[in-house]
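Colleague: Please take a close look at one part of this model, the packing of its helices. I would like a single connected account.

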Amino acid sequence: MPSPGELQKKVAAALGVEDTEAATTWRVLREAGLVTKGGRGRSAAQVTPRDAATLIFAICGSTTIKDAPTYIARMETSRGHGHRVMDWAPVGEGKMGSGKNPLSPAWELERLHVNSVTDLPTAHSALDVLEGFLIWAGGLRYNIDPAEENPDPPKLVVKHLSVSVTFEIPDEITRFKVVCVDADDHEYFEEQFYAPSGGYYYDSRNLTDDATARVEADGHPVRRGDMETERRFSIHTLGEVGHFLAGIGDAK
């Protein structure tokens, strides 16, 4: 595993932000005890996929660097609130949202063998999902072919695969979407979004001043203003950071 400094530079390059932003965010997270601590040089700590997921979330989802620790604390308790699955079907023939468990927080990722995500407990967080995808992306292959003596499911030949992670600010909704098309033009789609376990932001425009004060006193975030921000990254970031963590080098 790489050192914290090496991870900061890799994440900054993959996301397209300045090295100083990643380094400052890491320092704030480290001081809050949310990432690996360690010395410098040969005594520097070796980071983990969880550290990488935490740093990426803090950069992409928090509104300011100083707010990163409280944002990460909420993300550690976030839960799945919406799940859509489309089983393998010829492109254009599947019915979106008709999957087996449209309201279940458990991932299926059929035939893709992303065990680091599908094996998560039901009550997992958005941070758990990103950590799982980073571990999966650290492999040289996207899937594991079945043994010849066990031909089911059939061998998967990937023609197109995309994974995207989207952060909606200030509502703190995180969306994960996976789309795969095999060599026979069969498509698989799965999407799930996560929100803090305490619920979405309350909109101050729909509350009286007294109600706003009560909601905030109860620890619920209140949204002010009308501007929304959306940040996202793709499978390229997962590959770059995942391969880096696994010691494979830059993703090609």
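Modeller: In this predicted model, helix H1 passes helix H3 in a right-handed crossing. H1 covers residues 4-15 and H3 covers residues 49-61. The two pack at an angle of about 45°, and their axes are 11 Å apart. That angle makes H1 oblique to H3, because angles that are neither roughly parallel, roughly antiparallel nor roughly perpendicular count as oblique. On the H1 side, the residues that meet H3 are Leu 7, Gln 8, Val 11 and Leu 15. On the H3 side, they meet Asp 51, Ala 52, Leu 55, Ile 56, Ile 59 and Cys 60. Sorted by class, this contact of H1 with H3 has eight nonpolar residues, one polar and one charged.

H3 also packs with helix H2, residues 19-31. Here the axes come within 10 Å and cross at roughly 115°. H2 and H3 are therefore roughly perpendicular to each other, since the range for that term is 65 to 115 degrees. H2, too, passes H3 in a right-handed crossing. H2 contributes Glu 21, Ala 22, Thr 25, Trp 26 and Leu 29 to the contact, while H3 contributes Asp 51, Thr 54, Leu 55, Ala 58 and Ile 59. By class, the contact of H2 with H3 has six nonpolar, two polar and two charged residues.

Read together, the two lists show H3 residues that serve in both contacts: Asp 51, Leu 55 and Ile 59 meet H1 and also take part in the contact with H2.

How values were computed
Residues numbered from 1 in each chain as written. Predicted model: local features only at pLDDT ≥ 70, side-chain atom pairs only at ≥ 80, totals over all residues. Heavy atoms only, no water. Axes fitted to C-alpha atoms, helices over the stretch in contact; angles between N-to-C directions. Helix = DSSP H or I, 4+ residues; strand = E, 2+ residues; numbered from the N terminus. Parallel < 35°, antiparallel > 145°, perpendicular 65-115°, else oblique. Left-handed = near helix turned anticlockwise from the far one by under 90°. Contact = heavy atoms within 4.5 Å. Nonpolar A, V, L, I, M, F, W, Y, C, P; charged D, E, K, R; others polar.
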